Amino acid sequence: MAKEITHILSTDVLVVGGGIAGLTAAIRAKELGVDVILACKAMAGRSGASVFIGGDYNHYPLETDLDEAVKTAIRRSEYIDDQEMVAMIVRRARDIISKSIERWGVEYLKRGEKFRGSFYQGVPGICFKGGGPGLMGTVRTEAERVGVKIMDRITACELLTSDGKHSTKGSVVGTVGFDVRSGEFHVFKAKAVVLATGNWTIQVPYSEYDGSITGDGQGMAFRAGAEMRKMEQIAFQVKPAHGSVCNAEIGKIDHGLQQTVDKDGKEIRYLADKDKKYVRGKSVLPAIKAIKEGRGVYASYRRGSAGDFLDLMDIAPYATRALAAAGYEIPKDLVLNQISFYGSGQGGGLKVNKNMETSIPGLFAAGSVTERMYSSVQGITGALITGWIAADGAVRYAGEVSAPEVHGDQIDRLKSLIYGPLRVKDGVTYLQLRRKIRRIFEQGLGPGTRNKENLDKAVEEIEGIKKENLPRLMARDTHELMMANGNRNILDYMYLVAKAALMRTESRGAHLRTDYPERDDENWMKWVVAKMEDGEIRFWTEDIPMPILKPGE
Ligand SMILES: Cc1cc2nc3c(=O)[nH]c(=O)nc-3n(C[C@H](O)[C@H](O)[C@H](O)COP(=O)(O)OP(=O)(O)OC[C@H]3O[C@@H](n4cnc5c(N)ncnc54)[C@H](O)[C@@H]3O)c2cc1C
């Protein structure tokens, strides 16, 4: 069978993932003079959250008060972000943006001489011309121009390690995966690996973007022994019920035009947090209440004009087209919304240091696959900057190590594991399993459901599925094989979310417990950390340093 064919490739830096973080890392590393391969599960520049964005990003114009921006971001995260990391991202933003995205020729939307954009967390945003597709098309073209070897439709499944073990006590020396069309096996030997596989989500109708985002980077790094932090943090948003995209945000072009309302057009206001600031994690609670009371939740564009809506075609094309396809007449009609899992917003993930290096040598990470200790900086900005920094770190590391040695027995073992679902007959399909996963998610991990009883039940059910269903997971073709591997990662991810959520006996950021509804600064200025060690998962807490602000300041 075609899948038996094995390709072996070597490179200095392997980037996994073709969103803004991955493409930025690849361009930067290539410009620093090393060999770079970028492997993407779907098509680089056309997949992941980056292409579905609402359309603008924080660009930190020169007049921005950076000290104030740092403080605002820390407060908005409810003090859970790493303050030094936030400061580094904000302070390096202008320089990196001017050397990257602005130089690559990405265009911005203007009306007359005026740039369009909203304010995000108090910092001015600016809209991309052509929205996510416009942005990402230009970035991919730049990657091709500088000579990055882009390999589309290659899904990375597991990491190779210098000691041939999971969990490793050595370093990362490459990955293995397969071509999602031909099924052919690929072995990548690399001096350094940058994971940029985005966040995770559960597919439509409870998700926000394409099916290629299944927490693969988090899953493979966790199994290899990387430390994971603040996993209990997953965000939710209010979004259209008819599609997998966000609301077409008129707020992006003229702040405040779009409103969240009930069926009678009465505004649903966000909840303020303890310090009376807007916090995204809690913003969904009033919407949940409105749904429970039968008032429903809708997006209203009535403050805008038909002309404003035409502008949206240019900044959020996917979202705008989805509204049109669903038959909405904008700005007259109210758009039915639901509560949705917003994987790429606030969240946890791979623990990284200021060089975006994970706890395993040779393994770097950027963008939404990381713990995002900068969760209140806008997504594209954070992913771009961390992609750039990860490339600097990976190139430096690659210059210090010799050609990687891989272990044949580890490759054989992983190959057998990865192709396992193709050998199963009369098992469960990835879709059947995903339905179960989604139910557990909704009943135990979602907003308004997290408490000890539900979380304990979720842990038990996830353990049950891992034991009983995973070995019976079957795939009838290579597409299903890719999704089946994704299920394994989603389950590992959800398990960590549930266990970390049980440990954090308070509500903070995007983590909201019904049995502990208040933020507890006295006991919980801590991060929850998890790691796989010799087949056991260990959890512990680390104190959050507060060099810039203390809670309430
Ligand atoms: C609906 C929506 C609207 C948003 N709006 C905005 C906005 O207006 N402004 C803003 O700044 N941010 C916005 N964000 C957030 C922003 O999109 C993300 O923070 C950012 O795009 C993350 O980039 P990334 O490169 O880390 O991940 P992604 O863009 O998700 O890219 C991940 C890549 O990894 C690939 N991949 C995954 N698994 C594998 C694997 N196993 N092997 C190989 N490749 C793999 C995927 O195919 C994809 O190419 C929005 C997010 C969503 C979902």
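# Strands, core and ligand shell

Me: Met228 has Ala530 as its bridge partner in β17. What makes β12 and β17 a pair?

Reply: This is a predicted model, where local features need pLDDT of at least 70, side-chain atom pairs count only at pLDDT 80 or more, and totals for chains, interfaces and linings use all residues. Numbering runs from 1 along each chain as its sequence is written. A pair takes at least two DSSP bridges, and β12 and β17 (residues 526-533) have two, in the antiparallel sense, so they count.

Me: Why is β12 called largely enclosed?

Reply: Because 12 of its 13 residues (228-240) are buried, meaning 20 or more other C-beta atoms, placed from the backbone, lie within 10 Å of their own.

Me: Which residues have the most contacts inside the largest nonpolar core?

Reply: Val13, Leu38, Val86, Val193, Val194, Ala394 and Met494, in a core of 168 residues. The largest share, 15 residues, comes from helix α13 (478-503).

Me: How do you know that Leu38 is in contact with residues farther off in sequence?

Reply: Contact means C-beta atoms, placed from the backbone, within 7 Å. Leaving aside neighbours within four places in sequence, Leu38's partners include Val15, Gly18, Ala143, Ile150 and Met151, so each of these meets that cut-off.

Me: And what surrounds the ligand?

Reply: There are 42 residues around it, and the closest are Gly19, Gly48, Gly198, Gly367 and Gly379. To be near, a residue needs its C-beta atom, placed from the backbone, within 6 Å of the molecule. Helix α9 (379-400) gives the most to this shell, with four residues.

Terms used
A nonpolar core is a set of buried Ala, Val, Leu, Ile, Met, Phe, Trp, Tyr and Cys residues joined through C-beta atoms within 7 Å. Two residues are in contact if their C-beta atoms, placed from the backbone, lie within 7 Å.
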